[in-house]
Amino acid sequence: MNWMRTIFREVFGLFVDDGSFAVLILAWLGLTVFLLPHLAWVPRWRGFILFAGLAAILMASAIRYARKQN
Amino acid sequence: MNRYHVAEFSWPHLNDMNWAHAGPSLLASFLASLVECVEALTVVLAVGSVRGWKNALIGSAAAVGVLLGLIAGLGRALAGVPLPTLQLVVGALLLLFGLRWLRKAILRSAGQIPVHDEEAAFTKNAASMRSLTGVRGFDRVAFATAFQIVMLEGTEVVFIVVAIGAGGVGLWLPASLGAIAALLIVIALGFALHRPLANVPENKLKFIVGVLLSAFGTFWVGEGARFIWPGRDWSILGLVLGYLLVAMATVAICRSNAKGKRSTAATQTAVSQ
């Protein structure tokens, strides 16, 4: 069973190394995919909103990490 | 792109290929695979040079065989899944994977975390191989170490090829070609040089791959959720540019934060003296 745990840990590690970063990405995906289609906004903005949220999460996470290090 | 088509595991004609997807797919697959192959090569070289080449090469070849079987098996298994569902799931995984790579590459470029050093990794692995007792005949340590590292780095390549290949119709060919080309180049360089490829700008490659995979992930999640992209398939290039600009701006902010902190600390030290 030890090798199963090792494989699971390695595969999990491909996608997650900072838990809060991964949770924020998934939460944003959930919000945009399930909520945006119900809002009567211009449909053309949905893609941009998806990108802008992910870009903001990336930026905030990297800057927060850098501040902690310094 | 046909939204309701399943991601067929088939090779398209070059004329039928959607180059807005195929070009970035090939590049992302090639660069990501190159980085992973270089990392695996370092350990295989350490094993081979200390414990002998035969078992190191057999271990590596066995792992490559398992990985090729995994790609073919996953490709076939995913062929029946409707494309929108596949794009949502694969897009989300690609985003987790790509944004993690990009975040790490940003922090490395800003000097916040150390850059991967192939020479140091080679020295460390060679020393650890020397510390283990030698054997005659079949060397299980050499076989297992080479097998393990090729499987480990190769799993990432398999994920990238499968994620890129399954995300759209006709993308298996560029995704697979990119990975095969990277593997062949690294094998050829490894045979020719017999030392780690320390001059490969690994972090720059990871930065570019992170940008490409994040752009693909975002586009496919949007496609899966039936968002309308301005410019349709070509908006993927806009996403690449967008992530690139955001990543470069983040590097600049992280660097200036670090500089600001250092100059404040220097001023405080000077005042206290």
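The following exchange concerns chain B of a predicted model and its contacts with chain A.

In this predicted model, local features need pLDDT of at least 70 and side-chain atom pairs count only at pLDDT 80 or more, whereas totals for chains, interfaces and linings use all residues. Residues are numbered from 1 along each chain as its sequence is written, and chains are lettered from A and ligands numbered from 1 in the order in which they are written.

Reader: Which helix supplies the largest share of the side of chain B that touches chain A?

Author: Contact requires that C-beta atoms, placed from the backbone, lie within 7 Å; 37 residues of chain B meet 28 of chain A in this way. Helices are DSSP runs of H or I, at least four residues, numbered from the N terminus. On chain B, α3 (83-109), α5 (140-166), α7 (202-224) and α8 (235-272) each give at least two residues to that side. The largest share, 12 residues, comes from α3(B).

Reader: Is α5(B) largely enclosed or not, and how many of its residues are buried?

Author: A residue is buried if 20 or more other C-beta atoms, placed from the backbone, lie within 10 Å of its own, exposed if 12 or fewer, and partly exposed in between. The helix is largely enclosed by the rest of the structure, because the buried residues number 21 of 27.

Reader: Where is the kink in α5(B) centred?

Author: The bend at a residue is the angle between axes fitted to the seven residues ending there and the seven starting there. In α5(B) the kink is about 30 degrees, and its centre is B:Gly154.

Methods. Two residues are in contact if their C-beta atoms, placed from the backbone, lie within 7 Å.
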